[in-house]
Amino acid sequence: MQPRLVDQGGLRLAGIRRSHPRAKMASDSRRQWMDLVVLGRIPGQAAQTGYGLHLEAPDAEMVDYLAAVEVDGFEALPATLERIALPQRRYAVFEHRGHAAEARSLRDRLAGGELAALGLTADEGPDFERYDENFDPITATGLIELWFPVRA
């Protein structure tokens with residue numbers, strides 16, 4: 001499995017951030033996405049593409065996760081939404097077609113050492129899932145891209 005390398009410009013993302021027990025990540029994050037969907041279109045939302053960011057975890061038993069969409073700016077956002085600006089950087093992008101639970105398993109393997117086994121060196125910053133507008137949130141299936149920041 002070889003990724004494509006992408007030099008991505010900066011991204012401004014806004015959404016709902018929560019901490020989850022690692023063992024309950026799949027079910028809890030799904031509820032988190034549904035809570036984001038209930039909000040409807042976020043002010044300044046750029047597209048229907050969703051981003052699931054894996055942020056700094058408070059400890060090994062927890063996962064900090066941001067369910068987000070890309071926005072044009074932060075000014076018009078409600079105070080209840082988390083904001084994050086990702087700088088321009090290079091990413092290794094892996095494609096997964098299928099169920100989101102399988103993509104999470106692949107993500108965990110890549111983050112746990114398979115990235116290095118492919119000759120890639122992880123860089124600072126969060127890795128994320130990217131769900132395009134064709135992803136089906138009801139069945140949790142479709143194309144999911146796994147983006148990992150890597151050194152050039």
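Start by selecting Ile42 and showing what surrounds it: beyond its neighbours within four places in sequence, Ile42 is in contact with Ala14, Leu36, Val69, Val71, Leu77 and Leu81. Keep in mind as you click around that this is a predicted model. Ile42 sits in the loop between helix 1 and strand 3. With a relative accessibility of 5%, Ile42 counts as buried. Now add a distance between two C-alpha atoms, those of Ile42 and Leu77: they are 7.3 Å apart in space, while 35 residues separate the two in sequence.

**The sheet**

Next, switch to a cartoon view and colour the strands. Eight strands make up an open sheet, and its order reads 1-6-8-7-3-4-2-5, with antiparallel pairing. Which strands stand at the edges? They are strand 1 (4-8) and strand 5; each has a single partner strand, so one side of each is left without a neighbour in the sheet. Look along the sheet and you can follow its turn: on average, neighbouring strands are rotated by 35° against each other, direction ignored.

Zoom in on one edge. Strand 1 pairs with strand 6 in the antiparallel sense, over five bridges. Select Asp7 here, and then find its bridge partner in strand 6, which is Arg90.

**The two helices**

Bring the helices back into view. Helix 1 lies across strand 2, strand 3 (45-55), strand 4 (62-71) and strand 7, and it runs at about 140° to strand 2. Helix 2, residues 100-117, also packs on the sheet. The strands touched by helix 2 are strand 3, strand 4, strand 6, strand 7 and strand 8, and its direction makes about 140° with that of strand 6.

While you have helix 2 on screen, pick Arg104 together with Tyr65. Arg104 lies over the face of Tyr65, at 5.7 Å from the ring centre.

**Aromatic pairs**

Now show the aromatic side chains. How many aromatic pairs does a search of the whole structure find? There are seven aromatic pairs. Go to Tyr91 and Trp147, an edge-to-face pair with 5.4 Å centre to centre and 65° between the planes. This pair links distant parts of the chain, since Tyr91 belongs to strand 6 (residues 89-99) and Trp147 to strand 8, 56 residues apart. Are these two rings buried or exposed? Tyr91 is buried, with a relative accessible area of 1%, and Trp147 counts as buried at 6%.

Move on to Phe94 and Phe148. Their ring centres are 6.1 Å apart and their planes stand at 85°, so this pair is edge-to-face. It too joins distant parts of the chain, with Phe94 in strand 6 and Phe148 in strand 8, 54 residues apart. Phe94 and Phe148 are both buried.

Before leaving the rings, select Tyr51, Tyr91, Phe128 and Trp147 as a group: ring pairs link them into a cluster.

**Salt bridges**

For the last stretch, turn to the charged side chains. The structure holds 14 salt bridges. Select Arg17 and Glu82, whose closest N and O atoms are 3.4 Å apart in a salt bridge. Arg17 lies in strand 2 (residues 11-21) and Glu82 in strand 5 (residues 82-86), so the pair ties together parts that are 65 residues apart in sequence. Arg17 is partly exposed, at 36% relative accessible area, and so is Glu82, at 30%.

One residue along from Arg17 you come to Arg18, whose side chain meets that of Asp35 in a salt bridge of 2.7 Å, N to O. Here helix 1 (residues 25-38) provides Asp35 and strand 2 provides Arg18, so parts 17 residues apart in sequence are tied together. Asp35 counts as partly exposed at 34%, and Arg18 is partly exposed at 31%.

Your final pair is Arg130 and Glu145, a salt bridge with its closest N and O atoms 3.5 Å apart. Arg130 is in strand 7 (residues 127-131) and Glu145 in strand 8 (residues 141-149), 15 residues apart. What is the burial of each partner? Arg130 is partly exposed, with a relative accessible area of 22%, whereas Glu145 counts as buried at 7%. Finish by extending the selection to Arg4, Glu95 and Arg97: together with Arg130 and Glu145, they are linked in a network of salt bridges.

Conventions
Residues numbered from 1 in each chain as written. Predicted model: local features only at pLDDT ≥ 70, side-chain atom pairs only at ≥ 80, totals over all residues. Heavy atoms only, no water. Salt bridge = Lys/Arg side-chain N within 4 Å of Asp/Glu carboxyl O. Helix = DSSP H or I, 4+ residues; strand = E, 2+ residues; numbered from the N terminus. Buried < 20%, exposed > 50% of the residue type's maximum accessible area, 1.4 Å probe, protein only. Phe/Tyr/Trp six-rings, centres within 6.5 Å; stacked < 30°, edge-to-face > 60°. Lys NZ or Arg CZ within 6 Å of the ring centre and 35° of its normal. Pairing = 2+ DSSP bridges. Axes fitted to C-alpha atoms, helices over the stretch in contact; angles between N-to-C directions. Contact = heavy atoms within 4.5 Å.
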